[in-house]
Amino acid sequence: MKAWIEAMRLRTLPVSTAGVFASWAIAADSPVFRWIPAVICLLFAVGAQIASNFANEYYDYRDGLDRPGRSGPRRGVTEGDISPKAMKAATYALLAVTSALGLLLIMWGGWWLIAVGAVILLGALAYSAGPWPLSRHCLGEVMVIIFFGIVPVNFTCWLVSGLWSVESLLVSVAIGLMGANVLIVNNYRDADDDAAVGKHTLATRFGRKAMHRLYLANAVVASSLTLLASCQFIFAAAIYLTVAYFIWRRMKLPENPEQAYLAALNPLLGMTACSMLIYAITLFL
């Protein structure tokens with residue numbers, strides 16, 4: 001059971017929940033707030049992220065991109081704790097359950113949501129699977145911005161309130177940039193391992209120094225977009241930027257870092273994800 005919990009990557013789940021909570025905060029003052037689709041959207045988002053995490057573990061193992069003893073969190077399939085067959089089955093079973101949840105949203109959004117849900121679930125697979133896995137071609141951060149920021153915030157806001165707004169659009173991009181920072185920490189840590197197996201990420205392409213700068217730039221832009229969305233969100237923007245700056249200061253690595261330095265980044269990955277959740281919650285204030 002412990003191996004499966006590790007495979008879910010619980011410390012990163014705020015990446016999916018933050019977008020939904022942010023949409024709730026934006027829709028809170030609308031004339032109508034539908035709690036049932038709001039909860040379904042939350043469950044759908046979490047299910048899609050866990051399925052994506054399972055797929056990432058299975059397909060990276062299948063394609064030889066994970067090695068035992070890597071600097072990041074323990075990979076159950078690579079270390080032999082979970083069989084590849086079981087992980088593949090769990091991935092597609094969870095995608096099926098998540099799809100069933102998504103179909104319930106048709107009652108509030110119409111049949112065209114089937115196409116939206118299909119794109120989301122295909123994106124969860126395309127991140128690691130398929131003939132051209134996006135996470136291995138420097139597009140991981142772009143995928144996070146779209147599927148953990150723009151899509152969940154705007155569609156959830158519309159499903160629960162019936163409204164589209166510039167406010168939700170700006171916040172959705174902000175959430176997406178925050179989510180991209182979680183992936184930046186992950187790839188910043190794994191740059192050496194990824195380069196050794198031919199996995200192309202922004203960190204392997206441009207180097208750790210550029211990723212360190214991009215982390216802070218994303219945080220500044222995300223906070224600025226939040227203020228543009230509404231001056232009432234100033235507290236959320238200030239809290240997030242303060243925490244992001246603290247993490248940014250701690251994540252800088254020396255040249256040719258030893259394993260201990262890389263392992264020290266694992267808590268910062270969780271802190272970056274949790275900062276998104278804190279941000280989303282403070283949007284209610």
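Helices here are DSSP runs of H or I with at least four residues, numbered from the N terminus. The model is predicted.

**Exercise 1.** Determine in which helix Ser52 lies, whether Ser52 is buried or exposed, and which residues Ser52 touches beyond its sequence neighbours.

*Solution.* Begin with the position: Ser52 belongs to helix H3, which covers residues 35–62. Next, take the relative accessibility of Ser52, which is 11%; since buried means under 20% relative accessible area, Ser52 counts as buried. Finally, when residues up to four places away in sequence are not counted, Ser52 touches Ala124 and Tyr127.

**Exercise 2.** Carry out a corresponding analysis for Leu241, giving its helix, its exposure and its contacts.

*Solution.* Leu241 is placed in helix H13, residues 234–251. Its relative accessible area is 30%, and Leu241 is therefore partly exposed, because that class lies between the 20% and 50% limits. With neighbours within four places in sequence left aside, Leu241 contacts Ala219, Val220 and Ser223. As for Val221, which is 20 residues away along the chain, its C-alpha atom and that of Leu241 are 9.6 Å apart.

**Exercise 3.** Describe how helices H8 and H9 cross, and which classes of residue make up their contact.

*Solution.* Start with the geometry: the axes of H8 (residues 140–161) and H9 (residues 166–189) come within 7 Å and cross at roughly 145°, and this crossing is right-handed. Then consider the residues that meet, among them Phe148 and Val153 in H8 and Leu177 and Leu183 in H9. Sorted by class, the contact of H8 with H9 comprises 13 nonpolar, eight polar and one charged residues.

Key:
Residues numbered from 1 in each chain as written. Predicted model: local features only at pLDDT ≥ 70, side-chain atom pairs only at ≥ 80, totals over all residues. Heavy atoms only, no water. Axes fitted to C-alpha atoms, helices over the stretch in contact; angles between N-to-C directions. Helix = DSSP H or I, 4+ residues; strand = E, 2+ residues; numbered from the N terminus. Left-handed = near helix turned anticlockwise from the far one by under 90°. Contact = heavy atoms within 4.5 Å. Nonpolar A, V, L, I, M, F, W, Y, C, P; charged D, E, K, R; others polar. Buried < 20%, exposed > 50% of the residue type's maximum accessible area, 1.4 Å probe, protein only.
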